[in-house]
Amino acid sequence: MHTSFSLFCFVSFCGNRFFKKNPHPTEKERTEIANKLNITINKVKFWFQNRRTQLKSQKERNENVILKKENEQLRLENLAMAEVLKNPLCNKCGAQATIPDGSIREHKVVIENARLKEEFSRMANIASHVSQMFGIPLPNKVTIPGDPLNPIMSRSLMDNDIPIQRNGYLVQASRAMEVLLKLGNVNAPLWNRNMEGGGETLNFVEYERAFPPCLGTKPPGFVSEATRARSVVPMTSSTLVEALLNADQWREMFMGMIGSCTTMEVLSNGTGGSKNGALQLMKAEIQFISPLVPVRVLKFIRFAKQQAQGQWIVVDLSIYSGIEGHMTRRCPSGCILHDMPNGFTMVTWIEHTEYDEQSVSHQYRQLINSGVGFGAQRWISALLRHCESITAIMSPTLSHHLLQDTKRSLRGLAQRMMSIFCGGVCLTDGQQWDLVADHAPRTPRIMAHNYISGFGEPMGIVTSATYSVWTPTNHQHMFDMLKTKDRSIWDVICHRIAVRNMIHLPLGQDETSPNCISILYSNIERTTEDDQVMVLQETISDMTGSLIVYATLDFPAVSVVMNGEDISSVALLQSGLCIVPGYGEDGARGERGSMVTMGLQLLHPDITTSNMITMETIIMINDLVARIVRGIKEIVRSTQ
C-alpha cells in the first residue's frame, strides 16, 4: 500500500514534469528517484517504460482518427466525381450520354489511386470531359509527363493558369442542369397544382427520393419552397437568354423583384458567337416589398445551354466562398425555353429555394412558403408585364396622341421611381439609410438619408416611413378600391393634386389595363405654370400582388418628359402602397385577406443632418402613417 501510494505521489507531483524534461533517465537518475520514493529501481524503470508506451499508443490512435477522416473525405469526393462521369449529357439532345467502357475504367483507376497532389489533375480531367459535352473550351491544355492514363490532362490547374473553382463550377452547373431538365419534364406525382397564386408546387417527398441534395444537408431552421409555372411570352428564346446573362437587362426585365445584381465573373462567354455554354458568377438581391420580409442575398452560378435549335435552358445554383450571413440558398432553378411561331416562346420557370423561416415575420410565412412571394408565378407575371409594356410603348394605337420619345421618357422615369420606392422599403441596391425609429410595436420603421447631389434626387434630409397592416379584403379587390375610391381617404400627401388624368399610358393590351403610367393634376387653377404641381403615378397588378407608386413633379419636369428629353436630372420623392395576398393578422392558415405595405417619403428642408430629427418630427410621421392606415380600414368598412 505504501509503495502504491509513493508511486501515485511521484506521478502526481514529480513524474509527469520530470518525464517531459527527460523521458529516458539514466541509471543514476533512476536510483535517485527510487531512494526519494523508497521504492525499488526496477519499479521506476518500468514506470518510465510504461509511460513511453502509453504516450506512443495515444499518439498512434490520434493519427489513426485523423487519417480515417481524411480517407473518408477522399472516398466521398471520389464517389462524387465518379457520379459526374457516369451521368453526362449529350451535346446534341440533352439526354444522358454514354462514355466508352475503357474511358470509364481509366478514370476509375485514376480516382482510386490518386494522391492529394493528383486531385487537382483529376478535377481538370473531369472539367475537360464536361467541357466537351457542353461545348465549353478549356484553354492551355498540355500533356502531363509520366501520366499514361491521362495523356490530354490539363496542367493549367496546377500552374494556376485557370482558377481551380472554375472547373468546380462547371461540374456543379452540369449537374444542376440535369436536375432542372428533369424537373421541367416530369409532372405528377412530382408536382401538385398550387391553389394559392397559380402554378405548381413541388412534392418534396417524391423529390428527395429522386434527387440527391445538390447543396448538401439543409442548414438547421431552413425550410424549402419550390414552384413551377408556364406561359407563352412575346419574345424569342435567344433574346431572353441574352437578357438573363446581362445583369442590367435582367434587373430591368424584373423591375421591383431584383434590388441589385452584378456579374462578378464571366467564366465562359459561350461558343460559336452565341451564348451556348455561357457560364458566369453572379450576385443579386431578390426582394419582396415589405420591411417584414428580409431581402434574399444570393451568390450563384448561371449556366446557359442550347439543347437544340430554338430550345434553351438557363440554370442557377447557389455557391459559397466563405461568405457569412446567408439566409437563403438557391437550389437548381431557372427556365426552359422553347421557340414558338411568330416570335413567341413557351417558358417553363422553376424556382427552388431553401431559406431561414425564422427571419420572416409570421404574417408573411404562409405567403412565402406557398411560393407566391418569391415563386415561379411571380417571375412569369413580371416577365409578361415587361413584354407587354414594350409592346405598348411601340404600339401605334395605344396612347397614339403621345410621341414615341414621350412614351419612353415617361416609362423610364416611372421605372426609376418604382425602383427607388421598392429599394427604399426593402433597403436594397446599396441604399444608405440611418435608422431613426424601429423599436415600438405597431409603429412604422423610420429611416433618414441625406441627399447632397441634387441631381436626380431631392437635396436635403429625406425620411422614409414603412409599415405593413393586414386587411380582411382580397388583394385584387383592395387594389381596385384604392384606385376608384376617393383618394383623400388614404392619400395624405397628394390627394388634392392627383385628381384628373393629364396623361394616361397603358402598359397592357388595352386602355383598361391595370398596369399603366399616369400624370395627374389638380382642378385648382394656378396663377403661373411654375406653380403647378402634378403627380407621376404607376400602377401594377397581377395574381401575386399589386403596387401603387407615385411622386410629385413640377411643371419644368413634366415638360422634360413631354419633350422626350433626358430625365436623369428629374428629382423624385416617391411614396406608395404594395398589396399582396394575406392570411390573417396572426398568419392563420385559410383566413384570406391582404397585407398592405405603405412607404412614405418626406423632405425636411429645415433639417441639415439626421441627428437633428426631433421627437416632434417622429410623432408627425407616425401620425401620417396612422391616417393612411385608418383610411385603408375605412375603405374596407365601406364595402362590407
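These questions and answers walk through a predicted model of a protein.

Q: How many helices and strands are there in the protein?
A: The predicted model holds both kinds of element. Its 640 residues include 50% that are buried. The count for the protein is 15 helices and 19 strands.

Q: Among contacts between residues at least 6 apart in sequence, what share joins residues at least 24 apart?
A: Take the contacts in the protein between residues at least 6 apart in sequence. Some of these join residues at least 24 apart. Their share is 64%.

Q: What part of the accessible surface belongs to carbon and sulfur atoms?
A: The accessible surface of the protein comes to about 30900 Å². Carbon and sulfur atoms account for part of that area. Their part is 53%.

Q: Is T544 buried or exposed?
A: T544 sits in the loop between β16 (533–542) and β17 (545–554). Its contacts, leaving aside neighbours within four places in sequence, include V372, H475 and P581. The cut-off for buried is under 20% relative accessible area. T544 has 9% relative accessibility, so T544 counts as buried.

Q: Which side chain makes a polar contact with the side chain of T544?
A: T544 is in a loop that lies between β16 and β17. The polar contact of its side chain spans 2.6 Å. The partner is the side chain of D542.

Q: Which residue meets D542 in a salt bridge?
A: The N to O distance in this salt bridge is 2.3 Å. The partner of D542 lies in helix α11 (residues 376–394) and D542 in strand β16, so the pair ties together parts that are 157 residues apart in sequence. Both residues of the pair are buried. The partner is R385.

Q: Why is strand β18 largely enclosed by the rest of the structure?
A: Strand β18 covers residues 574–582. Look at how many of its residues are buried. Strand β18 is largely enclosed because the buried count is 9 of the 9 residues.

Q: How many bridges join β17 to β18?
A: The two strands run antiparallel. One bridge pairs S546 with I579 of β18. In total, β17 and β18 are joined by 6 bridges.

Q: What is the bridge partner of L577 in β19?
A: β18 also pairs with strand β19 (residues 593–604). This pairing is antiparallel and has 7 bridges. In β19, the partner of L577 is M598.

Q: How far apart are the closest N and O atoms of R30 and E27?
A: R30 and E27 are 3 residues apart in helix α2 (residues 27–37), so about one helical turn separates them. R30 counts as buried at 15% relative accessibility, whereas E27 counts as partly exposed at 47%. They form a salt bridge, and their closest N and O atoms are 2.7 Å apart.

Q: Which residue forms a salt bridge with E252?
A: The closest N and O atoms of this pair are 4.0 Å apart. The pair links distant parts of the chain, with E252 in helix α9 (residues 247–253) and its partner in helix α12 (residues 404–426), 159 residues apart. E252 is partly exposed at 33% relative accessibility, whereas the partner is buried at 14%. That partner is R411.

Q: How many salt bridges does a search of the whole structure find?
A: Some salt bridges are linked in a network. R302, D316, R330 and E351 make up this network. The search of the whole structure finds 12 salt bridges.

Q: Which residues form a nonpolar patch on the surface with M340?
A: M340 is in the loop between β9 (333–339) and β10 (345–356). M340 has a relative accessible area of 36%, so M340 is partly exposed. The patch has about 220 Å² of accessible area together. The other members are V232 and F344.

Q: What is the relative accessible area of C335?
A: C335 has its place in strand β9. Not counting residues up to four places away in sequence, C335 touches several residues, including L180, L244, W312 and W349. C335 is buried, with a relative accessible area of 1%.

Q: What distance separates the C-alpha atoms of C335 and R230?
A: Along the chain, C335 and R230 are 105 residues apart. In space, their C-alpha atoms are separated by 9.5 Å.

How values were computed:
Residues are numbered from 1 along each chain as its sequence is written. This is a predicted model: local features need pLDDT of at least 70, side-chain atom pairs count only at pLDDT 80 or more; totals for chains, interfaces and linings use all residues. Side-chain values use heavy atoms; hydrogens and water are left out. Helices (H or I, at least four residues) and strands (E, at least two) are DSSP runs, numbered from the N terminus. Buried means under 20% relative accessible area, exposed over 50%, partly exposed in between (1.4 Å probe, protein chains only). Contact means heavy atoms within 4.5 Å. Accessible areas come from the Shrake-Rupley method with a 1.4 Å probe; for residues, only the protein chains shown count as cover. A polar contact is a pair of N or O atoms within 3.5 Å; within protein, one must be able to donate a hydrogen and the other to accept it, and residues adjacent in sequence count only if both atoms are side-chain atoms. Patches are made of residues with over 30% relative accessible area and no salt bridge: like charges are joined within 9 Å, nonpolar side chains (Val, Leu, Ile, Met, Phe, Trp, Tyr) within 5 Å. A salt bridge is a side-chain nitrogen of Lys or Arg within 4 Å of a carboxyl oxygen of Asp or Glu. Two strands pair if DSSP finds at least two bridges between them.
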